[in-house]
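User: Please take a close look at one part of this model for me: the place where the chains meet. Keep it informal, but spell out the cut-offs.

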Protein chains: 2
Amino acid sequence: MNKDNNNHELQDTEHKILEAAEKEFLSKGFAGARTTTIAEAAGVTHAMLHYYFRTKAKLFDRVLTEKTKLLKEAIFKSTDDADVSLEETIRSIIDRHLDFIGANPELPRFMIEEIYNDQERAHIFLEQIGIYAPLMIGALQMKIDKAASEGKCRQVDARTLMLDIASLNIFSFMAAPVVNVALEDLTADPDKFLAMRKKENYDTIIRKLMPTPKD
Amino acid sequence: MNKDNNNHELQDTEHKILEAAEKEFLSKGFAGARTTTIAEAAGVTHAMLHYYFRTKAKLFDRVLTEKTKLLKEAIFKSTDDADVSLEETIRSIIDRHLDFIGANPELPRFMIEEIYNDQERAHIFLEQIGIYAPLMIGALQMKIDKAASEGKCRQVDARTLMLDIASLNIFSFMAAPVVNVALEDLTADPDKFLAMRKKENYDTIIRKLMPTPKD
DNA sequence: TACTTGATTAACAATATTGTTAACAAAATT
DNA sequence: AATTTTGTTAACAATATTGTTAATCAAGTA
């Protein structure tokens, strides 16, 4: 009956290590992270880290897998309802995406860096992208084609559009330390900045889609 | 008279180390880079690396300083002629910027990662940004204000515009491994892709600037 | 109670990585 | 030619970092 108590403490240690590892890995990357530092931050001896996760690489894998799952669930769940308009779909993509980035501002930079440093170690993430991105792009392209055929927007490549959206959404947060220095007060209030980017990026993309007024 | 020969060999070793260091640091970051690997790649004993550069950190500093200088010279040399039009200024900024990125595709990711990992170690770079970015933005804002007062474009914030341009230009290359997987054939031919981004991004920004057609 | 199991600790082992040194070689300068 | 400076090497020292092990503890179970 006390198994719950036991179990709780058990998970607690494991969880504390995972949380500390997440912080350390996300801010310093795999190479820069120290297992000793992670153990210290978690408040356990560093042997415990090896007891629970065996190696640094396996611990990293756990963190990466969790984050990949999180990203997948947060992002790749729009564009599926075929009857909602292109405008609304785009607004939804941008809003969801920016909300996720606001909640996980370090994630994009971390993912890209790790993939760059060692494709093998980060393959779990790349695989998921390879599966879901084409689905999302396919759905978006259909909506664009339909809207374009009705003269409501220009005929554009959904891949290019997704790239534009991702660029506009992600870059400012990825490059935050540089942007803060270069743009000073523009990024001072994080919430305000996030809201601004939502509006601004939606506007930018919609303008890109608007039929050229030459008739 | 043979001093030239000697001098050449001398600089040659130093230069070979620097080149190898550049590759290693840019692809693996400071923490992931190994001085032994750098020495091997340069074809010298690893004691030579310490003889010439004393420490790993000092070697890193040399690479970072060089790259910062390169970036500064390539980017912060537009927008100064007050008589060239806003359109042409924007085209010039985008073209110069993308040419530079095409020639140094790893640089943005590297810079941002290093700043993120250790602001102190990368402060040389941040300082330069802090100096030049505001100048560039100031010049651009003046052109926008003028064009807007003449009804040629909307009144927009130059900081936001620069952020949009930087995002659209940099992200695709920074996230290349992910973009390649997500967008497949779009990025297959690098030259073609670069040319496409030049056109596309210019178009995106110009459309953003166009006065809303409601009169 | 004796036994088993999982969690924990402290000390240690193994290795990787950076950095140093002493001896030597080659060239330049006096 | 003698001396000084610079470059080079190989071996080593120092430290950081990951990973292991044997002993101990706590809790539940036969």
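Analyst: Start with the symmetry: rotate chain A by 180°, with 0.0 Å of shift along the axis, and it lands on chain B with an RMSD of 0.0 Å. The fit is by least squares on the C-alpha atoms of residues with pLDDT of at least 70 in both copies. The two copies are therefore related as by a two-fold rotation axis. The same surface serves both of them, with 100% of the contact residues of chain A recurring in chain B.

A word on the ground rules. This is a predicted model, where local features need pLDDT of at least 70 and side-chain atom pairs count only at pLDDT 80 or more, while totals for chains, interfaces and linings use all residues. Residues are numbered from 1 along each chain as its sequence is written, and chains are lettered from A and ligands numbered from 1 in the order in which they are written.

Now the interface itself. It brings 39 residues of chain A into contact with 39 residues of chain B, where contact requires C-beta atoms, placed from the backbone, to lie within 7 Å. On the chain A side, at least two residues each come from α1 (3-32), α6 (107-117), α7 (123-149), α8 (158-174), α9 (176-183) and α10 (190-209). The top contributor there is α8(A), with 11 residues. Sorted by class, that side holds 22 nonpolar, 9 polar and 8 charged residues. Here Ala, Val, Leu, Ile, Met, Phe, Trp, Tyr, Cys and Pro are nonpolar, Asp, Glu, Lys and Arg are charged, and the others, Gly among them, are polar.

For context, chain A has 10 helices and 0 strands. Those elements are DSSP runs numbered from the N terminus, H or I with at least four residues for helices and E with at least two for strands. The C-alpha atoms of chain A fill a box of roughly 75 × 40 × 35 Å along the principal axes. Of its 215 residues, 35% are buried. Buried means 20 or more other C-beta atoms within 10 Å of a residue's own, exposed means 12 or fewer, and partly exposed is in between, again with C-beta atoms placed from the backbone. Among contacts in chain A with a separation of 6 or more, 63% join residues 24 or more positions apart.

Let's zoom in on α9(A). Its buried residues are A:Val178, A:Val179, A:Val181, A:Ala182 and A:Leu183. These pack against α8 of chain A, plus α6 (107-117), α7 (123-149) and α8 (158-174) of chain B. Two packed helices are described by the angle between their axes and the distance between the axes. For α9(A) and α7(B), the axes come within 8 Å and cross at roughly 35°. The axes are lines fitted to C-alpha atoms, for helices over the stretch in contact, and angles run from 0 to 180 degrees between N-to-C directions. The crossing is right-handed, as in the near helix being turned clockwise from the far one by less than a right angle (anticlockwise would be left-handed). In this contact A:Val178, A:Val181 and A:Ala182 meet B:Leu126, B:Ile129, B:Gly130 and B:Ala133. That makes 6 nonpolar, 1 polar and no charged residues.

Helix α7 also has a partner inside its own chain. In chain A, α4 (residues 56-75) packs on α7(A) at about 20°, with the axes 9 Å apart. The pair is therefore roughly parallel, a label for angles under 35 degrees (over 145 is roughly antiparallel, 65 to 115 roughly perpendicular, and the rest oblique). This crossing is right-handed too. A:Leu64, A:Thr65, A:Thr68 and A:Lys72 of α4(A) face A:Ile124, A:Phe125, A:Gln128 and A:Tyr132 of α7(A). By class, that contact has 4 nonpolar, 3 polar and 1 charged residues.

Finally, what comes right after α9? Most residues other than glycine have a negative phi. In chain A, α9(A) is followed by A:Glu184, with a positive phi near 40°. In chain B, B:Glu184 has a positive phi of about 40° although it is not a glycine, and it sits in the loop between α9 (176-183) and α10 (190-209). B:Glu184 counts as partly exposed because it has 14 C-beta neighbours inside 10 Å.

Notes:
Two residues are in contact if their C-beta atoms, placed from the backbone, lie within 7 Å.
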